[in-house]
Amino acid sequence: MLLAIDIGNTNIVIGGIRDGKIVFEARVATDHIKTSDQYGVDIKNVLSLFDTKPEDIHDCIISSVVPPVFNSVRTGVMKVIHKPPLVVGPGIKTGLNIQMDTPSQVGSDRIVIAVAALAEYEPPLTLVDMGTATTIEVVGKGNTYLGGCIIPGVRVSLEALTSKTAQLPGIQLDKPRRVIGKNTVDCMRSGVMYGAAAMLDGMLDRVEEELGLSTTVVATGGMAQFVVPLCRRKIILEKDLLLKGLNVLYQKNIPERRKEER
């Protein structure tokens, strides 16, 4: 079984993949002060939760956008499976032609999502990841990574709103009952949720206008399942895009991986 780990700003996604299929998926909170031993315990607990033994794991691949946490998780993995994981970063084969000013600065999670989407959909693609930040990235024909946008995430926007205002409470981000709210909570919920959906619709229109052609739009991330149904655009919802992408990247790099093990 392949252990696939994505370290995000809010959560660390841990998945088990066997024969190309996701066998299990779990999330633990990203904690900057945890040691490698603590992350090792977290990983063992997740494996135990899904009746998986460390010896069942033949290899591991990690992507990370949180440098201070990466080394602790990487070392924690090594303590559990007794081999260094494959890391998504410079030198790994992706199959992407990255047309950015500084390709090395493209977040590993952006690369993983693009690779996953290309394995299932024909470009041109517009990919949306709604996590701590909402990111939009565009992949053109020829597997060309063209760039994108970074937007404050839905929860980040809500936290900024409630922390900077004296009379606005914290709220649950449920589906609004209507656009025109009749009380403070409903007004906030409508503004945050329909506002995120309208922003997404508008940004997608502008992206395609700049490209001069329509694209297949695929969305993933924790907030996508709540916001995408409120959008007017056709958007394909893919819950496990990150784990799928990590598996695709691992398969692309198996020959080099075996060379490292010799």
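**Exercise 1. The enclosed space**

Ile5, Ile12, Ile14, Val28, Tyr39, Asp42, Ile43 and Val73 line the largest cavity of this predicted model. Find how much space lies in this cavity, and which element gives the most to its lining.

*Solution.*
1. The space in the largest cavity is about 40 Å³.
2. With a lower limit of 30 Å³, the count of cavities is 1.
3. Strand 2 (11-18) and helix 1 are the elements that give two or more residues to the lining.
4. Helix 1 gives the most, with 3 residues.

**Exercise 2. The open space**

Determine how much space the largest pocket holds, which residues are closest to its centre, and which element gives the most to its lining.

*Solution.*
1. The largest pocket holds about 1,100 Å³.
2. It is lined by 48 residues, and those closest to its centre are Asp129, Met130, Gly131, Thr132 and Ala133.
3. Strand 9 gives the most to this lining, with 5 residues.

**Exercise 3. Helix 3 and a contact across the chain**

State how many residues of helix 3 (residues 108-118) are buried. Then find how far the C-alpha atom of Ala117 is from that of Val218.

*Solution.*
1. Buried means under 20% relative accessible area.
2. In helix 3, 11 of the 11 residues are buried. Among them are Ser108, Ile111, Val115 and Ala117.
3. Val218 belongs to strand 10 (residues 216-220). Its relative accessibility is 0%, so Val218 counts as buried.
4. Along the chain, Val218 and Ala117 are 101 residues apart, yet 7.6 Å separates their C-alpha atoms.

**Exercise 4. Salt bridges of Arg110**

Which side chains meet that of Arg110 in a salt bridge, at 2.6 Å and at 2.8 Å? Decide also whether the residues concerned are buried or exposed.

*Solution.*
1. Side chains of opposite charge can pair when their charged atoms come close. The cut-off here is a side-chain nitrogen of Lys or Arg within 4 Å of a carboxyl oxygen of Asp or Glu.
2. Asp109 meets Arg110 at 2.6 Å, N to O.
3. Asp129 meets Arg110 at 2.8 Å, N to O. Since Arg110 lies in helix 3 and Asp129 in strand 7, this pair ties together parts that are 19 residues apart in sequence.
4. Asp109 has 12% relative accessibility and therefore counts as buried. Arg110, with a relative accessible area of 10%, is buried, and Asp129 is buried as well.

**Exercise 5. A further salt bridge, and the network**

Classify Arg177 and Asp186 as buried or exposed, and give the distance of their salt bridge. Then name the residues joined into one network by salt bridges that share partners.

*Solution.*
1. The side chains of Arg177 and Asp186 meet at 2.7 Å, N to O.
2. The relative accessible area of Arg177 is 65%, so Arg177 is exposed.
3. Asp186, at 8% relative accessibility, counts as buried.
4. The network that shares partners consists of Asp109, Arg110, Asp129 and Glu137.
5. The model's count of salt bridges comes to 13.

**Exercise 6. Backbone exceptions**

Most residues other than glycine have a negative phi, and most peptide bonds are trans. Locate a cis peptide bond, and say where Asp51 and His82, with their positive phi values, are found.

*Solution.*
1. The cis bond joins Pro123 and Pro124, with omega about 5 degrees. Pro124 is in the loop between helix 3 and strand 7 (125-130).
2. Asp51 has phi near 55 degrees. Asp51 sits in the loop between helix 1 (36-49) and strand 4 (59-64), and at a relative accessible area of 73% it is exposed.
3. His82 has phi near 65 degrees. His82 is in the loop between helix 2 (67-81) and strand 5 (86-87), and at 67% relative accessibility it counts as exposed.

**Exercise 7. Cysteines**

How many disulfides does the model have, and how far is Cys231 from the nearest cysteine sulfur?

*Solution.*
1. A disulfide needs a pair of cysteine sulfur atoms within 2.5 Å. The count is 0 disulfides.
2. For Cys231, the nearest cysteine sulfur is that of Cys149, 14 Å away, and Cys231 is in no disulfide.
3. Cys231 counts as buried at 11% relative accessibility. Cys60 is also buried, with a relative accessible area of 0%.

**Exercise 8. A nonpolar surface patch**

Which residues form a nonpolar patch on the surface?

*Solution.*
1. The patch consists of Leu146, Leu211 and Leu213, with about 210 Å² of accessible area together.
2. Leu146 is in strand 9 (residues 144-152). Its relative accessibility is 35%, so Leu146 counts as partly exposed.

Terms used
Residues are numbered from 1 along each chain as its sequence is written. This is a predicted model: local features need pLDDT of at least 70, side-chain atom pairs count only at pLDDT 80 or more; totals for chains, interfaces and linings use all residues. Side-chain values use heavy atoms; hydrogens and water are left out. Buried means under 20% relative accessible area, exposed over 50%, partly exposed in between (1.4 Å probe, protein chains only). Patches are made of residues with over 30% relative accessible area and no salt bridge: like charges are joined within 9 Å, nonpolar side chains (Val, Leu, Ile, Met, Phe, Trp, Tyr) within 5 Å. Accessible areas come from the Shrake-Rupley method with a 1.4 Å probe; for residues, only the protein chains shown count as cover. Helices (H or I, at least four residues) and strands (E, at least two) are DSSP runs, numbered from the N terminus. On a 1 Å grid over the protein atoms alone, a cavity is a set of points where a 1.4 Å probe fits but cannot get out, and a pocket is an open set with protein on both sides within 12 Å along at least five of seven lines; lining residues have an atom within 4 Å of a point. Grid points are joined across faces, edges and corners, and a volume is the space filled by probe spheres set on the points.
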